[in-house]
Amino acid sequence: MPLRLRLTLWYGTALALILVILGGALYAMLAHGLRDQIDRSLAETAAVAVRALEQHRVGAFLPFADLAAEFPELAVLDKSFQIFSPAGKVTIQSPNLGRLDIPLSRTALESALNGRATYESARFPGGSSYRLLSVPILLDGVLANIVQVGTSLRPVEEMLQRLLLVLLVSLPVALAVALGGGWFLAGRALRPVDAITLAAQRLAEGDLTQRLAVSQAQDEIGRLSATFNAMIARLETSFRQVRQFSADASHELRTPLTVMKGETELALRRARPAEDYRLVLESNLEEIDRMVRIVDELLFLSRADLGEVRIESRPVRLDALVEDVQRQAVVLGQERDVQVMMGTMEPVTVQGDELRLRELLLNLVDNAVKYSRPGEKVELALARDGATARLSVADRGIGISAEAQGRIFDRFYRTDEARAHAPKGTGLGLAICKWIVEAHHGRIEVQSAVGQGAKFTVILPVVTP
Ligand SMILES: Nc1ncnc2c1ncn2[C@@H]1O[C@H](COP(=O)(O)OP(=O)(O)O)[C@@H](O)[C@H]1O
Ligand SMILES: [Mg+2]
């Protein structure tokens, strides 16, 4: 069942229930109040009649005309009087009863004999119903007369019937109007949901440029649309990244293959001395090494993406690790006439995976050496700053432009200067560094200016003893 219909039905049911309860309560209260009022006015009339009887009693009989003349308030049209003998026989009857015969009931007579007044409702043939009050009149403790005051219930019944009619007609009308309004409002409220569904459909068909119009209101729908848009934007970015990544990966692998193919074809064009073949094979081996490195690094990154790379969590003496890597780096630097030195060094212990941290540091030092010019210096430093360790690798080499700084951690991204300076890179080292740092709950920053070197800083939480 569509949500719109369900909402309307729920709302309609609740409203119908409320209306019925309200109508019922109104009807019951009014009926009760009207009966009460009738009983009270009967009691008042009976009191006057009793007083009149007592004051004007001349023996056992009293003509009603006398009473009426003496007490005009008794001659009201909507009340009837009857005076009964102690035996229950009518002695006096007000003329407005006409030919209607209202006998004294047994219960009323018995109560009167016990000195108690009685209220009764009675229905007579012809459909008229009456409310009756029978009051005993005692003379020296003995029942002398019974005064009965009565009034027709017809006006009350008619009024209640009218009310019932009004309720029966107006409740369904009110309900119908409210249901119509509810249906309209539910439709209005759900229209943005339809828009979202439509957008999601187009999204499923592959159109990632879809965006929803976000209303300014910070309501549920507004928030949903904003969240939806943010989700699509992220999807679009990652789709683009995936496409870019495949393109980059194929390109990076194709370059060495093209070189190898060209050299091999050239070598095979005619017979050559063995030395020439050796040179070609050596060159090919170099290209193969590069491809192996790319594939290894790619494998690592995709396993990391899948959450399959395990990171150990052991205390690692970072200062000892840095010193160790520096000794290795000195050899690396000698090949390119770059001096690798130690700066400030403070004892720091972090929690993590020593092998991965070593890989991280080696990658950074390798870059620093690789992108330095002969005769320049690379400096490693480690300092403790509160609860964090700051490990930095600084060089004075070719540097990175501000625009490129935001992208060097992307897979396969290499600046043109870097490609010119060191054609053998893979562009994956920093992506791996970033992953390792983040797996250790740290972050990596870069400060650099073109031609003035670069400083990479790794910030890691330290183990507090
Ligand atoms: N120390 C550095 N000095 C200048 N540029 C750097 C430095 N380290 C990294 N870069 C830039 O970041 C890019 C990505 O680095 P990386 O992922 O390690 O790839 P690769 O070392 O194979 O070039 C490099 O190609 C280079 O443009
Ligand atoms: Mg590198």
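H441 is exposed, with 11 other C-beta atoms within 10 Å. That makes a handy way into this predicted model. H441 sits in the loop between α11 and β11, just after α11. Its phi is positive, about 60°, although H441 is not a glycine.

Right beside H441 in the numbering, H440 tells another story. H440 is found in that loop between α11 and β11 too, but H440 is buried, with 22 other C-beta atoms within 10 Å. The cut-off for buried is 20 or more such atoms, and for exposed 12 or fewer, so H440 counts as buried with its 22 and H441 as exposed with its 11. Leaving out residues up to four places away in sequence, H440 touches G352 and L460. There's also R356 to look at: R356 and H440 are 84 residues apart along the chain, yet their C-alpha atoms are separated by 9.7 Å.

**A second positive phi**

H441 has company. D337 is another residue other than glycine with a positive phi, near 60°. Look for D337 in the loop between α7 and β7 (339–345). D337 counts as exposed, because it has 11 C-beta neighbours inside 10 Å.

**Around α11**

Back up from H441 into the helix itself. Which residues are buried in α11? They are G429, L430, A431, I432, C433, I436 and V437. What do the buried residues of α11 pack against? The partners are two helices, α6 and α8, plus β11 (443–448) and β12 (454–461).

The α6 partner is worth a closer look. On the α6 side, E297, F300, L301 and A304 make the contact, and on the α11 side A431, I432 and W435 do. Of these contact residues, six are nonpolar, none is polar and one is charged. A431 and I432 also appear among the buried residues of α11.

**Two helix pairs**

Another helix pair to check is α7 with α8. The geometry of both pairs goes like this:

| Helix pair | Angle between axes | Axis distance | Crossing |
|---|---|---|---|
| α6 (274–305) and α11 | about 30° | 10 Å apart | left-handed |
| α7 (318–335) and α8 | roughly 35° | within 10 Å | right-handed |

In the α7 and α8 contact, α7 puts in L321, V322, V325, A329, L332 and G333, while α8 answers with E354, L357, R358, L361, L362, V365, D366 and V369. That contact splits into ten nonpolar residues, one polar and three charged.

**The ligand site**

Helix α11 turns up again at ligand 1. Which residues come nearest to ligand 1? Of the 21 residues around it, those are R414, A418, G425, G429 and L430. The elements giving two or more residues to this shell are α8 (354–370) and α11 (429–439). By type, the shell divides into ten nonpolar residues, nine polar and two charged. G429 and L430, both on that nearest list, are also buried residues of α11.

**Domains and the far stretches of the chain**

Now for the overall layout. The domain assignment gives the protein domain 1 (3–158), domain 2 (220–305) and domain 3 (314–461). Taken over C-alpha atoms, the centres of domain 1 and domain 2 are separated by 105 Å.

For a spot with lower numbering, try S121, in strand β3 (residues 118–123). Is S121 buried or exposed? S121 is exposed, since 11 other C-beta atoms lie within 10 Å. Setting aside residues up to four places away in sequence, S121 touches S129, R131 and L153. R131 is ten residues from S121 in sequence, and 4.5 Å away in space, C-alpha to C-alpha.

Last stop is G180, found in helix α4 (residues 154–204). G180 is exposed too, with 12 other C-beta atoms within 10 Å. The exposed class covers counts of 12 or fewer, so G180 makes it in with 12. G180 and T8 are 172 residues apart in sequence, but their C-alpha atoms lie 8.5 Å apart in space.

Terms used
Residues are numbered from 1 along each chain as its sequence is written. Chains are lettered from A and ligands numbered from 1 in the order in which they are written. This is a predicted model: local features need pLDDT of at least 70, side-chain atom pairs count only at pLDDT 80 or more; totals for chains, interfaces and linings use all residues. A residue is near a molecule or strand if its C-beta atom, placed from the backbone, lies within 6 Å of it. Helices (H or I, at least four residues) and strands (E, at least two) are DSSP runs, numbered from the N terminus. Ala, Val, Leu, Ile, Met, Phe, Trp, Tyr, Cys and Pro count as nonpolar, Asp, Glu, Lys and Arg as charged, and the others, Gly among them, as polar. Domain bounds come from an automatic or database domain assignment. Axes are lines fitted to C-alpha atoms, for helices over the stretch in contact, and angles run from 0 to 180 degrees between N-to-C directions. A crossing is left-handed if the near helix is turned anticlockwise from the far one by less than a right angle, and right-handed if clockwise. Two residues are in contact if their C-beta atoms, placed from the backbone, lie within 7 Å.
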